[in-house]
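This report describes a single protein chain from its coordinates. It goes from the overall build to selected residues.

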Amino acid sequence: MGELAKFSLVYQRRSSAALQALVEIWSEDLAELNDEALIQACALARKKCKFWPTPAELLEFHEQATPTYNITFIPLPESPKDVEVMAQRNAGRARDILRALKTGERPDWIGALDRQRGRVQ
């Protein structure tokens with residue numbers, strides 16, 4: 001575990017026996033991390049910790065370094081009839097937008113959407 005050797009250079013020096021004990025403890029406590037995740041967590045710890053980090057701190061750094069993805073989805077319509085209604089509405093709105101671009105008139109439904117979303121003008 002080369003990361004412990006790096007820590008011993010940055011922080012208080014440890015004896016070989018102490019480093020070996022730490023290797024055993026860390027191997028047990030950090031078993032869920034692969035090598036890349038452990039290296040990344042240790043790099044963050046060296047940048048942020050003033051003292052030797054504990055396995056718990058390393059796990060926290062791992063969580064901070066792991067990107068989280070928020071999945072946004074739009075539920076599917078209830079039926080093919082709903083899809084057809086939506087397609088017709090959207091086609092009409094597209095025509096309204098094209099007409100607005102040509103004439104400069106704002107379609108009524110845009111104002112209704114703004115009011116519905118709290119963007120009253």
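## Burial and surface

Of the 121 residues in the chain, 24% count as buried. The model is a predicted one. About 9600 Å² of the chain is exposed, and carbon and sulfur atoms supply 55% of that area.

The chain carries 17 positive and 17 negative charges, and the mean positions of the two sets lie 12 Å apart.

## Fold and dimensions

The secondary structure consists of six helices and zero strands. Read from the N terminus, the order of elements is α-α-α-α-α-α.

The radius of gyration of the chain is 29 Å, whereas a compact globule of 121 residues would have one near 14 Å. Along the principal axes, the C-alpha atoms fill a box of roughly 80 × 35 × 25 Å. If contacts between residues at least 6 apart in sequence are taken, 55% of them join residues at least 24 apart.

## Cysteines

How many disulfides does the chain have? The count is zero. Cys42 takes part in no disulfide, and the nearest cysteine sulfur, that of Cys49, is 9.8 Å away. A disulfide requires two cysteine sulfur atoms within 2.5 Å, so a separation of 9.8 Å does not qualify. Cys49 is likewise in no disulfide, with the sulfur of Cys42 as its nearest cysteine sulfur at 9.8 Å.

Are these cysteines buried or exposed? Cys42 is buried, with a relative accessible area of 0%. Cys49 also counts as buried, at 13% relative accessibility. Both values fall under the 20% cut-off for burial.

## Pro53 between helices H3 and H4

Pro53 sits in the loop that links helix H3 (35-48) and helix H4 (55-65). Despite this loop position, Pro53 counts as buried because its relative accessibility is 5%, under the 20% cut-off.

Which residues does Pro53 touch, leaving aside those up to four places away in sequence? The contacts are with Phe7, Tyr11, Trp26, Ala45 and Leu58. In contrast to these contacts, Arg106 is 53 residues from Pro53 in sequence and 61 Å from it in space, C-alpha to C-alpha.

## Helix H5, helix H6 and the loop between them

Helix H5 (80-103) and helix H6 (108-116) are joined by a loop that holds Glu105. Glu105 counts as exposed because its relative accessibility of 58% is over the 50% cut-off. Its C-alpha atom is 75 Å from that of Arg13, and the two residues are 92 apart along the chain.

Two residues of helix H5 can be placed relative to Ile110. Val85 belongs to helix H5 and counts as partly exposed, at 47% relative accessibility. The C-alpha atoms of Val85 and Ile110 are separated by 18 Å, with their positions 25 residues apart along the chain counted as the sequence distance. Ile97 is also in helix H5, and at 39% relative accessibility Ile97 counts as partly exposed. Ile97 and Ile110 are 13 residues apart along the chain, and their C-alpha atoms are separated by 9.4 Å.

Definitions and conventions: Residues are numbered from 1 along each chain as its sequence is written. This is a predicted model: local features need pLDDT of at least 70, side-chain atom pairs count only at pLDDT 80 or more; totals for chains, interfaces and linings use all residues. Side-chain values use heavy atoms; hydrogens and water are left out. Buried means under 20% relative accessible area, exposed over 50%, partly exposed in between (1.4 Å probe, protein chains only). Helices (H or I, at least four residues) and strands (E, at least two) are DSSP runs, numbered from the N terminus. The radius of gyration is taken over C-alpha atoms; the globule rule is 2.2 Å times the number of residues to the power 0.38. Contact means heavy atoms within 4.5 Å. Accessible areas come from the Shrake-Rupley method with a 1.4 Å probe; for residues, only the protein chains shown count as cover. Lys and Arg count as positive and Asp and Glu as negative; His and the chain ends are not counted. The place of a charge is taken as NZ of Lys, CZ of Arg, CG of Asp or CD of Glu.
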